[in-house]
Structure formats: structure tokens, C-alpha cells
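User: I am new to this structure and would like a close look at one part of it. Please pick a single residue, describe its surroundings, and then say how far the model can be trusted.

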Amino acid sequence: MTSRAAMVPREKLTAFAPGIQWAVLPGDGMTLVYWVFEPPACGEVPPHDHVVAQGGVVLEGSIHLRYTDGSTTTLGPGDCYTLASGVPHGATFMERCVVLDVFTPNRIEYEERFAAGTQAEKFVVLGGG
């Protein structure tokens, strides 16, 4: 069986930050973001929230979603999640993880950053999250 990560060709992935690669596809009213997280270099996604709704599916590996109330949810391949606008959350990775996120409405700041090829020193929350 081939890796599900092959669904996005490596040449389409660019560096987001150390240990994190991504590809961004703007859509009509939504932004798709294909993420590849490689611990430990990727670090943690810090607690944040944003004005857009977020949904996603884990394609490979696992992700530990963290919430400000102290609860966590661990998701593996094929698991889906949704986060309403304004819900604070973060993430931890213990193994390589590939995630496809859908943001609605568009995450313009992600679309612009991807188009510019800008890389950060670590995962940085943009545009209010």
C-alpha cells in the first residue's frame, strides 16, 4: 500500500516552518490546507482561535487536539473533526501526521503566505489564528 501522503505531490509542498510542510488551495468560500507535521521539529501548534470555521481529516499518523479546558482528543487516519469559529484549540504530534484542513470562509492570510513562499521559525498563528 502506498502512503496517503502521495495524494499531494512533494513538489507542491513548501515549508511552513521547521518540520511543517503545506500546500494551500484557495476555493470559492473555502481554503483547503494540506499539512505534513514531522515531530519533534514541528513543535506544537499553540492554543489559538480564529473567526473562520475549520474542519479536517487525518490522512496519516495521529494528532492530539488540545482545548483550553484541558481536554484532548486523539485522532488517527480517517478521523474527521470540526471546530466552530472562535473555539480555542491547539495540537500536539507524537508521530508524522498528514492532515487536510478546510477553512470557511477563506483563510486569506494562509493563501497569501503560501503564494509568497514565506517561512516562519515555528508554527505561528496568522490573522488572529
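Analyst: What follows looks at Asn106 in a predicted model, then at the cysteines and the confidence scores. Asn106 sits in the loop that runs between β10 (97–104) and α1 (108–116). With a relative accessibility of 19%, Asn106 counts as buried, because the cut-off for that class is under 20%. Two polar contacts of its side chain go to backbone atoms. One joins the side chain of Asn106 to the backbone oxygen of Gly27, at 3.0 Å. In the other, a polar atom of the Asn106 side chain lies 3.2 Å from the backbone nitrogen of Gly29. Apart from neighbours within four places in sequence, Asn106 is in contact with Gly27, Asp28, Gly29, Met30 and Thr31, and also with Val52 and Glu111.

The cysteines can be described next. Zero disulfides are found in a search of the whole structure. For Cys42, the closest cysteine sulfur belongs to Cys97 and is 8.7 Å away, which is too far for a bond, because a disulfide needs the two sulfur atoms within 2.5 Å. Cys42 is buried, at 5% relative accessible area, whereas Cys80 is exposed, at 56%.

As for confidence, the chain has an average pLDDT of 87, and 87% of the residues score at least 70. Residues 1–6 have a pLDDT below 50, although this stretch makes eleven contacts in the model beyond near neighbours in sequence. Where pLDDT is low, predicted coordinates should not be read in detail.

Key:
Residues numbered from 1 in each chain as written. Predicted model: local features only at pLDDT ≥ 70, side-chain atom pairs only at ≥ 80, totals over all residues. Heavy atoms only, no water. Buried < 20%, exposed > 50% of the residue type's maximum accessible area, 1.4 Å probe, protein only. Helix = DSSP H or I, 4+ residues; strand = E, 2+ residues; numbered from the N terminus. Polar contact = N/O pair within 3.5 Å; in protein donor to acceptor, adjacent residues only side chain to side chain. Contact = heavy atoms within 4.5 Å. pLDDT = per-residue confidence, 0-100.
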